[in-house]
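Me: I am new to this structure. Please take me through one part of it closely, the open sheet and what lies around it.

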Amino acid sequence: MKKVMIIGAGDFQLPLVKKAAEKYEVVLVAPKIAPEFEPYATAKYFLDVREKEEILEIAQKEQIDAVLTDQTDIPVRTVAYVAEQMGLQGIGYETAKIFTDKALMREKMDQCGIATIPYVKASTWEDAETFWKQNGGPVIVKPLDTQGSRGVIRVDSLEQLKDAFETSRQFSTNKNVVVEKYITGPEVVIEGITVDYKMIDQICGDTIYFDDKSKFSAKKRIFPSQKDDKIVKQALELNQQIVKAFGLKHGITHGEYIIDGNQVYLIEIAARGGGVFISSDLIHEETNLDTEEFLLDLALGNELHLDLYDTKKVAGYRAFYLPEGEVMEVTGVDEVKRLPYIRNHQLDKIHVGMKIGKNTDKTSRFAMILVADNYEEYVVQDEQIKKLLHVKVKTDKNYADIIWE
């Protein structure tokens, strides 16, 4: 039996691990591995996923036949490095670096003549200050290689910039950040599939944020997009141009774009499937692609069996936060899980006595996938869930329920 290494063991890697375990031995590497993974992993190693040399040694010892990840950015470089060093199928380490470094992304786009939002790679406070003085504000400060919006900060004044720079750089491996002109506008998200350097499918959806914009966190991502066809076409063409420019041989991509008037700009793009079950569930609902099987076949060099088509469905994730405090009561979980339009979800993680910390980024969200025949039906489903599901949280002042908006 062939042996595959999967790097990462969060909620969104579980579908890939389950699929791999159906046919292969699974070597799992992650800092923490939850009990849900126990039935599927034949070997487990507890390690920071950035430790590429140590993970390479494990891969060689285990004599793996493939290495992969999905729905998480941080392991992408390590996966590419291990594959390259062992002569396995992969996207290449240099390509992986471009897809996981926000500065390298923008520098590559500059080289290829693709328009970017004005930015600077800042390794010192003086770099950030100079950019502000030349371009004005507001700006957004981003660590180069984080995920889940950790360390991403909007800055509205020069006085705030220094603190933001120091905070943000703590989330970056090399302590550098990108300082970028802050622009507002509608956003779209694009999932792409590439084989032999050719993009063979793309789907475009809409991103809808929570009212608290400081977390840079979406409460909904809904496919297909309801935007004007011309804008969608422009975004899809730009996504294809960027993936080609970055040199992706094969795999799936998750790109996020913002629309400023008639111009579409890249926010960031990753060489992995969208998180929050977009890759594992939503792409299948929209295109009929078995993403996990596709990724495993790519990594193992198997023959690809693709039967892609537009299902004409509307699919998306619905996310929510819980207030800071202690969970006292949970109602409606079983009812929601039984709804015929619910696919994957994180509802089983919520329990009485659970301590909820401060919500600072998108990593503390809970989410589920919904599927509908049309957009109007999707809206009705969303409202039904909000009526059924309640989580009573004791805060430092009173009691509060789910934060939906």
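Reply: Here is a walk through the sheet, strand by strand, with one buried lysine at the end.

Keep in mind that this is a predicted model.

Start with the overall layout. Eight strands make up an open sheet. Their order across it is 13-12-9-10-11-14-18-16. The pairing is antiparallel. Strand 13, residues 263–270, is one edge, and strand 16, residues 342–345, is the other. Each of these edge strands pairs on one side only. From one strand to the next, the twist averages 25 degrees.

What holds such neighbours side by side? Strands of a sheet pair through backbone hydrogen bonds, either parallel or antiparallel.

Now begin at the strand 13 edge and move inward. Strand 13 pairs with strand 12 in the antiparallel sense, over seven bridges. Look for G255: I269 in strand 13 stands opposite. Strand 12 and strand 13 also form a hairpin, with two residues between them. In that turn sits G261, with a positive phi of about 65 degrees.

Is strand 12 enclosed or open to the outside? Strand 12 covers residues 251–260, and nine of its 10 residues are buried, so the rest of the structure largely encloses it. The cut-off for buried is under 20% relative accessible area.

Next comes strand 9, residues 187–195. Strand 9 and strand 12 pair over eight bridges, again in the antiparallel sense. One pair to find here is E187 and its bridge partner I258 in strand 12.

Strand 9 also pairs with strand 10, residues 198–209. This antiparallel pairing runs over nine bridges. Find V189, and G205 in strand 10 stands opposite.

Go on toward the strand 16 end. Here a helix comes into view. Helix 12, residues 375–388, lies across strand 11 (218–223), strand 14 (314–320), strand 16 and strand 18 (366–372). Helix 12 runs at about 140 degrees to strand 18.

One last stop is K142. This lysine lies in strand 6, residues 139–143. Is K142 buried or exposed? K142 has 4% relative accessibility, so it counts as buried. The side chain of K142 makes a polar contact with the side chain of E180, at 3.1 Å. Leaving aside residues up to four places away in sequence, K142 touches several others, among them K102, R106, S168 and E180. I267 is also on that list, and strand 13 spans residues 263–270. That brings the tour back to the edge where it began.

Key. Residues are numbered from 1 along each chain as its sequence is written. This is a predicted model: local features need pLDDT of at least 70, side-chain atom pairs count only at pLDDT 80 or more; totals for chains, interfaces and linings use all residues. Side-chain values use heavy atoms; hydrogens and water are left out. Two strands pair if DSSP finds at least two bridges between them. Helices (H or I, at least four residues) and strands (E, at least two) are DSSP runs, numbered from the N terminus. Axes are lines fitted to C-alpha atoms, for helices over the stretch in contact, and angles run from 0 to 180 degrees between N-to-C directions. Contact means heavy atoms within 4.5 Å. Buried means under 20% relative accessible area, exposed over 50%, partly exposed in between (1.4 Å probe, protein chains only). A polar contact is a pair of N or O atoms within 3.5 Å; within protein, one must be able to donate a hydrogen and the other to accept it, and residues adjacent in sequence count only if both atoms are side-chain atoms.
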